[in-house]
Each structure stands twice: as C-alpha cells, then as structure tokens.
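Welcome! Here are a few short exercises to help you find your way around a new structure. Take a look, try each task, then read the solution.

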Amino acid sequence: MSVVTTVEPIRTTGTPASTRAPRPVPPRTPTSRILGVELRKMFDTRSGFWLLASIGITAVLATGAVIVFAPDDQITYDNFGAAVGVPIAILLPMIAILSVTSEWSQRSGLTTFTLVPHRSRVVQAKLVAAIGVGVASMLVAVGVGALGNLLGAAITGNDAVWDISATHMAYIVLANVLGMLVGFMLGVLIRSSAGAIVGYFVYSFVLPTLSMLLAANAAWFEDLQLWVDFNFAQGALFEGDMTGEAWAQLGTAGLIWLVVPLAVGLRLVLRSEVK
Amino acid sequence: MITVESLSKSYRGFTAVDDVSFTAHAGRVTGFLGPNGAGKSTSMRIMVALTPASSGSATVLGRRFADLPDPGREVGVLLDASAQHAGRTGREILTIAQRTMGLPRGRVDDMLERVSLTDAESQRRVRHYSLGMRQRLGIATALIGDPEVLVLDEPANGLDPAGIRWMRDLLRGYADAGGTVLLSSHLLHEIEVIADDLVVIGHGRIVAQGTKAELLAAAGTVVRSADTAGLTAALEAAGLSPTAYDGGALRTDADPSLVGSIALAAGVALTELRSADGAGLEEMFLELTADTQREGAAA
C-alpha cells in the first residue's frame, strides 16, 4: 500500500497534556443491556433470522403433514406434538451453538469481549437468551400443534384428542432445554461453528448408535447404559414416564455428558485468547 | 493514558512479547512501529484483555482493562476491521455497540456521518464491504462511546490516500483535544507523519522509543558531492565514518553544520546537505529490525 508523502508535516509539538476535564467513570454495564444485545444478535443476521423462522415454518409444515397424511384415528395431540417436536429438537441446539461459536468463527468476539471484558457475563447472557428463545419457540410450536389438532379434528369430524398431560409437556420442554444446553456446551467446548455442528450430530446420532451396539453385544454394558447414555436417559422425558430411578439416571448421564464438558468448555472460553 | 510495564507473552517455545514497557500519554499520538510478526498485535490484545499476559501488566487510565466498568466509553478499540460478523449490516454492528454502551440511538447516525459511510452503505452487509469501508466502520465503533483513549491496530490498512489523510486528521484532532492515541503500523511513513512519540518493536522487544523529534535528531546528515571520494576522505580525516546512502550520497551521524564546515575546509563542493530526517528514521527502522525482517539483513 502506498502512502501519501506529499502532504506537509503535521505539527507535533506543544500539545497540552490534557485539555479535557477529568471525566467521571461511567457506571458498570448492566446485565439487562448485555442480555438485550445478545438476544438481538441471535436475530440480526440472515442466517440467525431464518434459523428462528424455520422453527415456525417447520412447525406449520409438520402440522400440515399430520393433517394430510395421518389416518383419522391418529389425529391426536400426541402425534402433532411428535411431528412438531422433531425439527425443533434439531434446530434449537443449532441456535445455541451458533450464538456462541459465531463470536469465534466470525471473529466478532474481538468487539464483544472488548466492550464487555468479563466474558462470563457475555456467556451467561447468551445462555439465558438462548434458553429464552428456546422456550418461546416451544410455546409457538405447542400452539401451532394445538391449532393443527383442532383443525384436524374439525376436518375428520371427531372430537379433538388431548392426550398429552401438562407434566408430560413440561418434560418435553425440559428435554429440549437439555438439548440446547448440549448445543451450548459443544459451542463453548469447540468454539467453531462447523466443528460444533458436526460435533452435535456425532453426539446425538453416532454416539447413541454406538451405545446401542455396545449394549446389544456386551452384557456388562447393558445395565450400565441406562446410567451413562445421556440420549437414552432423555428418552424417558419424551415418553413422559419419569420415575425416581429415571431422574437419577438422567442425572448421572447428564453429569458425564453435559455438566463436566460444559465446565471444561466454560473454563476454556474464559481463559482462551480471542484472536 | 496507557501504561505498559514489563509485559511478556510466551507461547510454547516462542516469546511473542518480551519485557515491553512504555507509556502512551494523553494529548499525544503514540506510534507503535514494527515489522510484521514483531509482537504489536499481541501486545495490543493483552492491553485490552483479549489475551492473558505471561507476566507484566498493562493499565488504561490507571486501571486494568478488565476492571473498566464500561470499557467502550473510556477506550475505543479497533484491532482488526475484518473481525465482524459478515452477515450483519454496518448499521447493525454500530447499533450493537450503541446498545451495549447504552448510548442514545442518534449516535449511530452521527458516527456513520463522521466516518463518511453513506446511509445506503450502512444498510449493506459487511460481507460486501471493502477493507477501507471496514476500517471506517471499525473506527466508528471505536469512537461511538466518545472514549478518552484509542487503541488502533493498523487502522490505515486498506484506506486510499484520501482516507489515510482523513484518518490522520481525525487522530490528530483527537489527540489535540486531550485524547490518548496508540496506533500500530508496519509502515514507517504512515506513522512518521502522525505520531508524536514512537515505540519501535522488533522480535517482541522494544528496540527504540522516544519522541519523534529525538529519534529524528539521532539520525544524522545526508550529504552529496560530485567528488564523492574527496568528500569521503575529508569526512574520514575528520574522524567521521560516512556510509553510502541512496545513489552516491553519504550519510553520517554528525550534524549538518559540522559536515558543511569539513567540506568547506577540504574544498569539496557540495550538491546536497541536509538532516537525514525521515530517511534516517527509516534506516534506523530497517537496521533495528533487520534480524526480524523476512528479507534478511537490510541493505
């Protein structure tokens, strides 16, 4: 790059030490502001916007598909819930992953973490924003499914079948929040969009298959699987039958596959260099 | 004011920053000069708490950067203009900064105007920005909180000559109003025209620092004559050690008046006699950083 050399030299001497009055120290950035900004950052790119929009779109498509293709006696809320739930269970963790990894993959973290140098505050805000968006998305999906159920019942002429209890619904919401936390964990652990997304698919599709194979072929693992296979343990949440033992199994498997790696990932995020 | 004390950063088997100490004063533009890979960017990242130091400390306005309650309103930082989410519009990036600092919404338009980005340009996604536009956006992000201190890493990269002129005037005005400016560059000429103080770094270590006037004064004299051999002999007889410089001229560390008298006494007619000025600084820069230059020893 060339440099202009024809300009007259700029005066360099005699600058007063400081002509500004000493300024008051600004107040600490409030958490609400960080939260608002992190929430905004989830929507303000084309990819972020469409990722969120796709939750509503797939919910409508899945509901439509159930109405069109399911036999009349299968027009139940349970089936609408299942159809709407599958795309959501995949999309929500992606939202959680990207909210973290884009700071590294897109390098916007250079600005984010110089405006808020306490990275834990940013990460907490991201977590709260992601879970908030997740819960809100699920409410939208539940609503779309309910409308579909009413519409389906009206078309078939039967009474609408509401066969999911509020408790079961809460379990499903919890399972999806856990899925988002898994995405968040992979985000902080891997800190690369592509890597974390691949990691997510390995985590939720390859690992469970390997676990199944191992359980089918090794007797010693068969009983152990219930306690260490997080995916397997989450199955009970979707089924809606959570016994005390099922909670304990969810706890132990979650400790191994979510809590420990999340702790490692958070430590890495707080300490690593932002380039 | 930025105070850096004995700052070091080592990576496995490699010292990127080695015992760096300097102060960037309020009301002055401090140029941080060094070849690529000399440790400028690493030092600056440590100053703004993006990279942990191995040892030593850096404070801005008397506090560690991480202890600043709302850093954007006290320190404007531009480390890499390309480090932005490519899918956001320029306006959106400024809005995020404006909201993080809790500033009035109108600041976004003020800043766009200040860095000469048009409304249409501000609506485009950063993916489609030229490097020069990204630099302008980065400067706007750094300035939006009306900070007292600016930390800018290679801000002139990608700017056209008019843009470089604009940047220079902006930083000059900023320092004259009492602000502290620390800017890095690997181009001597770029920094020479704007900086009041210079910190020259090579291989992670500071190799020279002082006011620009001091560093220029140490640079000596350039002298030229049709009778180069006679001039060389006269200067050597006077105890100086002239070196060949730029196509037939000679350079010595003595000041111009002494060189003039020697030439007069020896009866050698001069065609040029001047303080080595920026040329000397350039030579100094090349010398000081010769062993870190990829080209090897500077001629």
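**Exercise 1.** Work out the order of elements in chain A, from the N terminus on.

*Solution.* Follow chain A from its N terminus, and the elements read α-α-α-α-α-α-α-α-α-α. Counting by type then gives ten helices and zero strands in chain A. Keep in mind that this is a predicted model.

**Exercise 2.** Decide whether chain A is more spread out than a compact globule, or not.

*Solution.* Begin with the expected value: for 275 residues, the globule rule gives 19 Å. Next, take the radius of gyration of chain A, which is 25 Å. That is well over the rule's value, so chain A is more spread out than a compact globule. For the outline, the C-alpha atoms of chain A fill a box of roughly 90 × 50 × 40 Å along the principal axes.

**Exercise 3.** Find what share of the residues of chain A is buried, and what share of its contacts joins residues 24 or more positions apart.

*Solution.* Of the 275 residues in chain A, 36% count as buried. For the contacts, consider those in chain A with a separation of 6 or more: 77% of them link residues 24 or more positions apart.

**Exercise 4.** Describe the side of chain B that touches chain A.

*Solution.* First, the contact takes 50 residues from chain B and 44 residues from chain A. On the chain B side, the elements giving two or more residues are helix 2 (90–100), helix 6 (161–176) and helix 7 (188–192). Helix 6 of chain B gives the most, with seven residues. Finally, sort this side of chain B by residue type: 22 nonpolar, twelve polar and 16 charged.

Terms used: Residues are numbered from 1 along each chain as its sequence is written. Chains are lettered from A and ligands numbered from 1 in the order in which they are written. This is a predicted model: local features need pLDDT of at least 70, side-chain atom pairs count only at pLDDT 80 or more; totals for chains, interfaces and linings use all residues. Two residues are in contact if their C-beta atoms, placed from the backbone, lie within 7 Å. Helices (H or I, at least four residues) and strands (E, at least two) are DSSP runs, numbered from the N terminus. Ala, Val, Leu, Ile, Met, Phe, Trp, Tyr, Cys and Pro count as nonpolar, Asp, Glu, Lys and Arg as charged, and the others, Gly among them, as polar. The radius of gyration is taken over C-alpha atoms; the globule rule is 2.2 Å times the number of residues to the power 0.38. A residue is buried if 20 or more other C-beta atoms lie within 10 Å of its own, exposed if 12 or fewer, and partly exposed in between; C-beta atoms are placed from the backbone.
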